[in-house]
Amino acid sequence: MADVAVMREIEATASRLGIDLSSIDLDSIRLPPDQDFGIKSDDEDILQEENLEFESGFGNIIVVDNLPVVPKEKFEKLEGVIRKIYGQIGVIKDDGLWMPVDPDTEKTLGYCFIEYNTPQEAEVAKEKTHGYKLDRAHIFAVNMFDDFDRFMKVPNEWAPPETSPYTPGENLQHWLADSKARDQFVIRAGSDTEVLWNDARHLKPDPVYKRAFWTESYVQWSPMGTYLATVHRQGAAVWGGATTFNRLMRYAHPQVKLIDFSPGEKYLVTYSSHEPNNPRDANRVVINIFDVRTGKVMRDFKGSADDFAVGGTGGITGVSWPIFRWAGGKDDKYFARLGKNMISVYETETFSLIDKKSIKVESVMDFTWSPTDPILALFVPELGGGNQPARVSLVQIPGKEELRQKNLFSVSDCKMYWQSNGEYLAVQVDRYTKTKKSTFTGFELFRIKERDIPIEVLELENKNDKIISFAWEPKGHRFAVIHGDHPRPDVSFYTMKSAQHSGRVSKLTTLKGKQANALFWSPAGRFIILAGLKGLNGQLEFFNVDELETMATAEHFMATDIEWDPTGRYVATAVTSVHEMENGFNIWSFHGKLLYRILKDHFFQYLWRPRPPSVLSAEKEEEIAKNLKKYSKKYEAEDQDVSMLLSEQDREKRRMLKEEWERWVNEWKRLDEEEKLERQRLRDGEASDEEEEEYEAKEVEIEEVIDVKEEILPLD
């Protein structure tokens, strides 16, 4: 329709100018070099993509060789077999399958051409079916159609390849060596996405990189902060660097909605859901797993939304993201998904099922990986009307042997929480009372690193207390629980290492009546924020768990998000566009001092840039902690310099304000002097300006009775 409208406009203009378009050969018109009539492309990348696609020719066509040579009567059967094989990989265009026929024998020539909708589907088809064994005599040889043109250009005589000089790229970890030891964060507000330094010393953010329409939905850092991923209609892209943020790789996946990195940043998982032609059918889901560095599709999964629903149960159109959950650690060896009566565990060496089969577990409802080891924790509800108890099992991968099992009775619900070092697993169990009319909650605490994995049972003093939130101390042995009734529940702290080293869990303290419904531990442990979000309007309490004391209380009204920086020095609280007013973010110190506040209309996202794990040994970190004063002298001197600079800036600001005030006063004095004669004229010649000092101001009180009412009171 747009082309028709443009053509009509051209015809109307030609008619007005008296030009006969039929006499003009439009194809012969050539614009001068670099002439664009002042209409610049708003996206050079798209322009380059179009040129590349035009030059690449037929990138969406493959040639399949070594097919059976069949007569005319078997032609349709062979075509059906080929369509079945290649139609599972991608969408073949209408009239996109062509098998040449020998006009003399009326038999096929043993090869065919297949045209897909996209070059990516053609590439996948080539990778998956090259060497495919149809039968003993026919093994497919698959090539891209464009390859033939390239093969024809190969010279008959060999010539040594040209060596181009090595040009080093930007160090993607360079930002970690910031001389001021700052951290970066990314924000999205309106159409802009911006990366900034948190310059807490100068009480303001320091811009790094800003771009409009950088993403079409959201952005996401990779787990170790190397890449920033953006999401687009055509697929995803990753960007990297300290200041430039160049695009490093694209991942073609039309209509992608969700993305997820593996913990070691080796792989990127993308997800899309497509509406079916028949409204009665479920949405079609496509999941691709890409190699982050090369952009190659390592494995894809396709099916209906029901196939990827939690537990594999039918009738559910939504899915739980991430569908594939990765084993802990940087190796990225294993990933798994939940299915109906099974857990499918894949290994990344071949991207196939371990031992070519899933782990069969009847009615399994949930599973979670240890953050550090290839250990699965899975939950199975009660079966057979309660005759078979629920259970939590620990399974070692790849051997699939069960390390520990705990049977649970009268279970209503179950949640599993791993401690970040994988040393402990807390299982929160909601159980029915004997009357089945209510529930109570307890915890089963697994000590993963100890012999035979002992399990402790923890019950709250008041069994009827509702559990609102649970959180482990990162890299520590303590955990916090919010329990009780809104709006002022209690907060309790427990430790897995008691003072007597008895190996028993013990309570440290309980804070009564706190306005909190969420817990946010510092990444370094020790400090925690007790937050009241949503209905509690952004109440914040900064608590020192070592000293068991409150450091500060504050409020960020209507706060929707709270996130610690990766070092545990600063905290960001944000109000996103969920609320229409007060959008923006605040930066706080770890002990609850507000450092600065930034307001942003239509504020969508705030994300700290993650840091990779420290390369220092535990002994070295302990040594640094002991000698912190020696290391801190340099930074104390820098802090003093910054403080003096800020003081100087404050003095300069006050001086400018004072000068502005004096200018304002002098201007009014000048106007007063200019209008003196006019005031005297208006007062019939009386010069009263100087006499005003003789006046005396007095306060006079006047009482006035407004109403009188009589009332008779009975005497008792």
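Modeller: Let me start with a term we will need: buried means under 20% relative accessible area, exposed means over 50%, and partly exposed lies in between. Please also keep in mind that this is a predicted model.

Colleague: Thanks! With that in hand, is F148 buried, partly exposed or exposed?

Modeller: F148 belongs to helix α5, residues 145-152. The relative accessibility of F148 is 39%, and since partly exposed covers the range between 20% and 50%, F148 counts as partly exposed.

Colleague: Which residues make the nonpolar surface patch of about 280 Å²?

Modeller: One member is the residue we just placed in helix α5, F148. The patch covers about 280 Å², and its makers are F148, F151 and V154.

Colleague: Let's step back to the whole chain. How many helices and strands are there in the chain?

Modeller: The chain has 716 residues, of which 38% count as buried. About 44,700 Å² is exposed, with carbon and sulfur atoms supplying 51% of that area. As for the secondary structure, the count is eight helices and 43 strands.

Colleague: What share of the contacts in the chain with a separation of 6 or more comes from residues 24 or more positions apart?

Modeller: Here a contact means heavy atoms within 4.5 Å. Among contacts with a separation of 6 or more, the share from residues 24 or more positions apart is 45%.

Colleague: Now the sheet with the order β2-β3-β1-β6: which strands stand at the edges?

Modeller: This is an open sheet of four strands with antiparallel pairing. A strand with a single partner has one side left without a neighbour in the sheet, so the edges are β2 (92-98) and β6 (141-144).

Colleague: By how many degrees are neighbouring strands of this sheet turned against each other on average?

Modeller: We are still with the open sheet ordered β2-β3-β1-β6. With direction ignored, the average turn between its neighbouring strands is 20 degrees.

Colleague: And what is the bridge partner of I92 in β3?

Modeller: Strands β2 and β3 (residues 111-116) run antiparallel and are joined by three bridges. In β3, the residue bridged to I92 is Y116.

Colleague: Which strands does helix α3 touch where it packs on the sheet?

Modeller: Helix α3 spans residues 75-87, and its direction makes about 135 degrees with that of β2. Helix α4 (residues 119-129) also packs on the sheet, touching β1, β3 and β6, at about 155 degrees to the direction of β6. For helix α3, the strands touched are β1, β2, β3 and β6.

Colleague: Over to the sheet β9-β8-β7-β43. Which strands stand at its edges?

Modeller: Four strands make up this open, antiparallel sheet. Its inner strands β7 (184-189) and β8 (192-199) pair over six bridges, with A189 standing opposite D192 in β8. A single partner leaves one side of a strand without a neighbour in the sheet, so the edge strands are β9 (204-212) and β43 (603-608).

Colleague: How far apart are the C-alpha atoms of S272 and R284?

Modeller: S272 sits in strand β15, residues 267-274, and is buried at 0% relative accessibility. Beyond four places in sequence, its contacts include H253, V256 and R284. S272 and R284 are 12 residues apart along the chain, and the separation of their C-alpha atoms is 8.3 Å.

Colleague: On to charged pairs. How many residues apart are R569 and D183?

Modeller: The side chains of R569 and D183 meet in a salt bridge, 3.1 Å from N to O. R569 is partly exposed at 28%, whereas D183 is buried at 1%. One lies in the loop between β39 and β40 and the other in the loop between α5 and β7, so this pair links distant parts of the chain, with a gap in residues of 386.

Colleague: What is the distance between the closest N and O atoms of E456 and R447?

Modeller: Both partners are buried, E456 at 5% and R447 at 3%. They form a salt bridge, and its closest N and O atoms are separated by 2.6 Å.

Colleague: Last one: which residues do salt bridges that share partners join into one network?

Modeller: The structure holds 34 salt bridges. In one of them D178 meets R182 at 3.0 Å, with D178 buried at 16% and R182 buried at 9%. Through shared partners, the network takes in D178, R182, D199 and D206.

Note on methods
Residues are numbered from 1 along each chain as its sequence is written. This is a predicted model: local features need pLDDT of at least 70, side-chain atom pairs count only at pLDDT 80 or more; totals for chains, interfaces and linings use all residues. Side-chain values use heavy atoms; hydrogens and water are left out. Two strands pair if DSSP finds at least two bridges between them. Helices (H or I, at least four residues) and strands (E, at least two) are DSSP runs, numbered from the N terminus. Axes are lines fitted to C-alpha atoms, for helices over the stretch in contact, and angles run from 0 to 180 degrees between N-to-C directions. Patches are made of residues with over 30% relative accessible area and no salt bridge: like charges are joined within 9 Å, nonpolar side chains (Val, Leu, Ile, Met, Phe, Trp, Tyr) within 5 Å. Accessible areas come from the Shrake-Rupley method with a 1.4 Å probe; for residues, only the protein chains shown count as cover. A salt bridge is a side-chain nitrogen of Lys or Arg within 4 Å of a carboxyl oxygen of Asp or Glu. Buried means under 20% relative accessible area, exposed over 50%, partly exposed in between (1.4 Å probe, protein chains only).
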